[in-house]
Amino acid sequence: MHRVAASLNRMTQHPDHPEKPSLTLLGLGAMGSALARTWLAAGHPLTVWNRSPARAATIAAEGARAAGSAAEAVAANSLVITCLLDDESVGDALAGADLAGKDLVNLTTSTPAQARARGAWARERGARYLDGGIMAVPPMIGVPEAGGYVFYSGSRELFERHRETLAVPVGTTYVGEDAGFAALHDVALLSAMYGMFAGAAHAFALIREEDIDPASLAPLLADWLVAMAPSVHQTADHLKSGDYTKGVVSNLGMQVAGTPTFLDTAEQQGVSPELLVPYFALMRRRLAESSAEESLTGVVDLLRRRPNH
Ligand SMILES: NC(=O)c1ccc[n+]([C@@H]2O[C@H](COP(=O)([O-])OP(=O)(O)OC[C@H]3O[C@@H](n4cnc5c(N)ncnc54)[C@H](OP(=O)(O)O)[C@@H]3O)[C@@H](O)[C@H]2O)c1
């Protein structure tokens, strides 16, 4: 694979081929290295830096230029991409770099507040700032059919200017001028994913001691989760209209009445109900405060600690 990237790179940098924009990438961990290889394969001149030089040497052997320091790497190109462990490592890496006039695209996972603060920090240093939240794992990078993408937010102008280059490794989805929105979308989707993982863990625990092959439950579970997933559209519709009863087929009253079945089954199977209990408690609270005819959307309001702004 490395050899493929290197040879593709040599092919695409043939003098007859139009020059692709050059860029700098700081951070060559699992994700950064995967990103680097796709830009090299597409013929983008790439300058890299990594805290541990060995990783930079590996990517340099595949066609990148390894800078001696982060500051030197930043100086090499106007487009500077960071893909580091966390926000603190971005601050560490860029501490001695001159960011004036740079287009900084930060693909490091962070909280929305960290992303906003990092954007302000970059602008104070004369850079334009775009934040990214990567919705992919390294094997999905450079594999369009895998469906991975990056949420971007912050400077729209910067996003539009580098859109083609940014789209080389993985799809792009711009979600707004607020630098925190990419991180917020990223965390929202991953939070929902953990809810799904929690439900699946409970389901497997229920059958674990029975003569049921987990491999026979898995496809049923996957299909059921896919069948239920579109319910999020009704939730969105209810949140927008404020009418939580429109089009409801399985109402809150019926669902709360069913909760003892789930808790009793867990008890009978020797399974802790600790993943189900918090959600059921919210459903019951909402039922006590509102109408049995509603959907489960009211749980969203119960979770909010601050009123909508
Ligand atoms: N891997 C995934 O599945 C995945 C998926 C989505 C998003 N992401 C995000 O992508 C980012 C990079 O992830 P990764 O998988 O590449 O992580 P990783 O393999 O652990 O690599 C971390 C990178 O950060 C560098 N680093 C750590 N602390 C540093 C510091 N204080 N100063 C300078 N550099 C520092 C490391 O340098 P050394 O080589 O010197 O240690 C390495 O280049 C993270 O924010 C992660 O959340 C990853």
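Here is a short chat about the two domains of this predicted model.

Residues are numbered from 1 along each chain as its sequence is written. Since the model is predicted, local features need pLDDT of at least 70 and side-chain atom pairs pLDDT 80 or more, while totals for chains, interfaces and linings use all residues; side-chain values use heavy atoms, without hydrogens and water.

Me: Which residues make up domain 1 and domain 2?
Reply: The bounds come from an automatic or database domain assignment. It splits the protein chain into domain 1 (2-184) and domain 2 (186-303).

Me: How far apart do the C-alpha centres of domain 1 and domain 2 lie?
Reply: The two domains do touch: eight residues of domain 1 are in contact (heavy atoms within 4.5 Å) with five of domain 2. Their C-alpha centres, though, are separated by 38 Å.

Me: Which residues of domain 1 lose the most area to domain 2?
Reply: Buried area is the accessible area (1.4 Å probe) that two parts lose on being put together, summed over both. Here that's about 500 Å², with 59% from carbon and sulfur atoms. On the domain 1 side, 59% of what gets buried comes from Met135, Ala183 and Leu184 together.

Me: How many salt bridges are there between domain 1 and domain 2?
Reply: To count, a side-chain nitrogen of Lys or Arg has to be within 4 Å of a carboxyl oxygen of Asp or Glu. Also, the side of domain 1 that touches domain 2 has seven nonpolar residues, one polar and no charged ones (Asp, Glu, Lys and Arg count as charged; Ala, Val, Leu, Ile, Met, Phe, Trp, Tyr, Cys and Pro as nonpolar; the others, Gly among them, as polar). The salt-bridge count between the domains is zero.
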